[in-house]
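Me: I'm new to this one. Can you walk me through it?
Reply: Sure. Have a look, then ask away.

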Amino acid sequence: MNPTRSLSMEELRSAATEVLKVNDLGTMTSAAPNLYPHMWSWDAAFVAIGLARTSVPRAVTELRSLLKAQWSTGMIPHIVFSDNHTGYFPGFDRWGTAGAAALPEGIKSSGICQPPVHAIALRHIVDRGRENGGADQEVAEAFLAESFDGWLAWHRWLATVRDPDGVGLVEIHHGWESGFDNSPRWDGPYSRIVPGTVPPFTRRDVLHVADASERPDDAEYTKYLWLVQQMAEVRFDDAAVQDAVDFRVRDVFFSAIMAASSDVLAGLAAEIGRDQDAEELRSMATRFREGVASTVDPATGLARDYDVLAREWIGTETVSGFAPLVAGGDPALLAAQRELLLGPRWMGFPGLRFALPPSTSPASEAFRPRTYWRGPVWPFLNLLLGWACARDGETALVDALRSASLEQLSDLQFGEYYEPFTGEPLGSLAQAWTAAAALEWVG
Ligand code: 9WN
């Protein structure tokens, strides 16, 4: 590995394409070859963005496979299990979702969700299809028409079931739903959970990383499994889950993705003549954008999550505090957030190997440089931030994120996450969404 050698865009493109091939299970892409041998919902969206750069039809297949697993309620599950029954814990059996009335026939999935990046991925597929023209355009546009109702049902489910009071923030019931599993954002809510009896378990994740301390610990896992059990006991029934779980948090970053994605889906709706749906989606976008903006702490300038059970704000300095940059909106708020992001507690923190935002600010006491969501840099998130900045015409910041990301990814390891000061890839290597991010940055 030599992250500093200069590398051609062609070399990076072909190495990233190879990683997506290695992870290709036919009609779905595993999130990583060993650590994650199944399809994850928000990973699949980023993977589709990358695949759209190499094969529009294969990108369509990815999203189509995910949508096939959509529950009858509209929820898109966070894991769609492949046939690899032993490679990952907790697997389908431990999830207990077989007893859920809303699980589609013949599908094996988890019973929770992840942030709705999918409409953004669909937008990329349609755009690449149109750029390429011919069969790619036909496939992409046909998929848009075929799948639109599924995405609409997904957004409606989030807007109603997960924000019943219309506050403009999505409520989550497990740290896994945020995608930021063990982020210090969730330390407060998890600290108050006292798990009941959890049957013994053998983790597999720790077998696939160089050092177990790069992953959550066993006490954290016991709580993760406890929450799954609580939901399984009520058969993952939406009406019952909220009262059954010990974790109820309004996730500001999830909500920001909901806002951004609803806007994108509204644009796609208008293109296929679904004007009323477009209007509904635009008002969802406005509601969640306002919800996100309402959480900003005037003292720090960062957006916050809200712990529903403890009735308190969560102000830990994590990258999720930049949710308004993803959601878009008030120019003054966004300008202040960009200044913060470029400042000394984030991208400008002294000594960073690459000027990219760590998952937790190195200036925070909660920062751990090698532990998963407690500090390392996650490449897919930088792509998302870059996409949002491009949407808002912030080309200087897009260029900064792009050039630092390309440098980071030139090690060709496609790490799941990176140590912020050394640039060392951690977690799994050959991680699919990291490769996809590289493909999209290369363009
Ligand atoms: C649990 C697949 C997923 C990502 C998440 C990331 C990690 C799973 C795990 O891997 O979570 O869902 O087993 O640790 O935190 O964001 O989608 O890459």
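Me: What is the mean pLDDT of the protein?
Reply: This is a predicted model, and its mean pLDDT is 97. Of its residues, 99% reach 70 or more.

Me: And what about ipTM and pTM?
Reply: The model scores 0.99 for ipTM and 0.98 for pTM.

Me: Next, the ligand. Which residues are around it?
Reply: Four aromatic-looking names first: Tyr36, Trp40, Trp42 and Trp176 are in the shell. Ala31, His78 and Gly179 are there too. Asp43, Asp181 and Asp205 complete the list.

Me: How does that shell split by class?
Reply: Five residues are nonpolar, two are polar and three are charged.

Me: Changing topic. How many residues does helix H5 have?
Reply: H5 has 15 residues and runs from 118 to 132. From first C-alpha to last, H5 reaches 21 Å. That is close to the 21 Å expected at 1.5 Å a residue.

Me: Is H5 mostly covered or mostly open, and what is the count?
Reply: Mostly covered. In H5, 11 of the 15 residues are buried. Among them are Ile120, Leu122, Ile125 and Val126. Arg123 and Arg128 are on the buried list as well.

Me: What do those buried residues pack against?
Reply: Five helices: H2, H3, H6, H11 and H15.

Me: What follows H5?
Reply: Gly133 does, and its phi is positive, near 70°.

Me: You mentioned H11. Where does Asp263 lie?
Reply: Asp263 lies in H11, which covers residues 252–271.

Me: Why does Asp263 count as buried?
Reply: Because 23 other C-beta atoms lie within 10 Å, and the cut-off for buried is 20 or more.

Me: Which residues does Asp263 contact, leaving aside neighbours within four places in sequence?
Reply: Arg282 and Ala285.

Me: How far is Asp263 from Ala119?
Reply: Their C-alpha atoms are separated by 8.9 Å. Along the chain, the two residues are 144 apart. Ala119 is one of the buried residues of H5.

Me: Now the core. How many residues are in the largest nonpolar core?
Reply: It has 137 residues. H11 gives the largest share of this core, with 13 residues.

Me: Which residues have the most contacts inside that core?
Reply: Phe46, Ala48, Ile125, Ala256, Val326 and Ala436. Ile125 is also a buried residue of H5.

Me: And what does Val326 touch, not counting residues up to four places away?
Reply: Val326 touches Ala256, Ile257 and Ala260. Leu384, Leu385 and Ala388 are its other contacts.

Key: Residues numbered from 1 in each chain as written. Predicted model: local features only at pLDDT ≥ 70, side-chain atom pairs only at ≥ 80, totals over all residues. Helix = DSSP H or I, 4+ residues; strand = E, 2+ residues; numbered from the N terminus. Buried ≥ 20, exposed ≤ 12 C-beta atoms within 10 Å, placed from the backbone. Contact = placed C-beta atoms within 7 Å. Near = placed C-beta within 6 Å. Nonpolar A, V, L, I, M, F, W, Y, C, P; charged D, E, K, R; others polar. Expected span 1.5 Å × (residues − 1). Core = buried A, V, L, I, M, F, W, Y, C linked by C-beta atoms within 7 Å. pLDDT = per-residue confidence, 0-100.
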